[in-house]
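Trainee: Could you take me through the salt bridges in this model, with a close look at the one that you would start from?

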Amino acid sequence: MTDTPASKVLDRVLVLEMVRVTEAAAIGAAKLIGRGDEKAADAAAVEAMRAAFNELYMDGTVVIGEGERDEAPMLYIGEKVGAAIGTGPRIDIALDPLEGTTICAKAGPNALAVLAVAEEGGLLNAPDVYMDKLAVGPGYPEGIISLARSPSENVKAVAAAKGVAPADIMVCVLDRPRHAELIAELRGLGCGVVLIGDGDVAGVIAVTDEDTNIDLYMGQGGAPEGVLAAAALRCVGGQFNGRLVFRNDDEKARAHKWGITDLNRIYTRDELAKGDCIFAATGVTDGSLLKGVKRRKNGTLTTESIVMRASSGTVRRVTGEHHRK
C-alpha cells in the first residue's frame, strides 16, 4: 500500500511486538482447545493478551474489545493498556483475543487470536452489534462492490471484471439461518458458496488469497470483527463495505454513545481503518490461514502468525518456538 504514509507513532511499536501479543493469547487459549468451555477459553486468551500489552512501551486504548466495561472485566472498550500510559505513543487497538470461541471449545478449524493497531483515531469505535459485510480481493476497479446493491448485482459486477460467468464466482458466507435467503440467491446464480461455521475475520481475509478460490465475502457478522477485517485488507489490498445492524433501541443508544449518528451509513474499508495500521493474528487451531498451537514431546510450543503493515504493504509469516522456562 504505497499510498499509505508510514506512521512515526507506529514506528515505535515494533511489528513483531504485536505478534508476541497474539502469540500469548493463542497459547493461553490453546490450553482449552476441545474442552467444551467457551468462556474459559476466551478468559484465558484475554488475560494473556492483556498481560502482553502491558509490557509494551505505549499508551494504548482499546476501541474494539470484549464489550463495555460493565460486561467485560478486562480488555473492555475504553480500557487503557501499555507500560507508558500518559507518556508513550498513543495507539488505538481493535482486538479479539479468541476469534471463534465455539471453534476452540469444539476443537474446530480457524480459531485465531487477532488484533489491529493504528494511530489514535484511526479505527472506528464500532459498538458490539451486527454488521452487514461485503468484501472482494485486490485487483478490481474501486467501487466494484457496494452494500447499496443486491448480492446478485455484486456477483455479476465482479464476474464481469474477472471475465467469467457469475456461476464461476465463489462466495464465502457464515453458515447461519439468517443467511438462508442470501445463500439461495447466490446458488440461484450458480455460484459456489463456501459455508464457514465461525471465524469471519479469516473468511474476509480469504478473498485476498488466490489459493482459496474465494472471490467474495458476504453476510452479517459481528461489527468488531468487521473493523479487524478492514484493517487486514488495508494492509494487503481489497475492498470492504460494512453497515451496522441494530436490532433494538438499546443497540442504537450504544452506537450514539460511541459517536455514531448515521445508523444507515455504509462504511468503506478506509473509513473503518484509516492511515497506517498493523494487523496481527496467531492461529489457535489449524485453519486455512494459519496453523494452530502445537505442543511437542519436549513441552515446546510452536505457533504460526501473520503480521501485516499498511504503509509498507508487507506481509510476514512468523513461526515461533516457545520453550518452557
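Mentor: Happily! Let's begin with K162 and D215, which form a salt bridge in this predicted model, their closest N and O atoms lying 2.5 Å apart. This pair ties together distant parts of the chain: K162 belongs to helix 5 (residues 151–162), while D215 sits in the loop between helix 7 (200–205) and strand 8 (216–222), and 53 residues separate the two. Their surroundings are worth a look as well. K162 is partly exposed, with a relative accessible area of 41%. D215, at 7% relative accessibility, counts as buried because that value falls under the 20% cut-off.

Another bridge to set beside this one is R176 with D198, where the closest N and O atoms are 3.2 Å apart. Here too, distant parts of the chain are linked, 22 residues apart: R176 lies in the loop between strand 6 (170–174) and helix 6 (180–188), and D198 in the loop between strand 7 (192–196) and helix 7. R176 is partly exposed at 23%, and D198 is partly exposed at 23% as well. Elsewhere, R234, R269 and D270 are joined into one network by salt bridges that share partners.

For a bridge inside one helix, turn to R20 and E17, with their closest N and O atoms 3.1 Å apart. Both residues lie in helix 2 (residues 15–30), three residues apart, or about one turn of the helix. R20 is partly exposed at 47% relative accessibility, and E17 is partly exposed at 23%. Over the whole structure, a search finds 16 salt bridges.

Technical notes
Residues are numbered from 1 along each chain as its sequence is written. This is a predicted model: local features need pLDDT of at least 70, side-chain atom pairs count only at pLDDT 80 or more; totals for chains, interfaces and linings use all residues. Side-chain values use heavy atoms; hydrogens and water are left out. A salt bridge is a side-chain nitrogen of Lys or Arg within 4 Å of a carboxyl oxygen of Asp or Glu. Helices (H or I, at least four residues) and strands (E, at least two) are DSSP runs, numbered from the N terminus. Buried means under 20% relative accessible area, exposed over 50%, partly exposed in between (1.4 Å probe, protein chains only).
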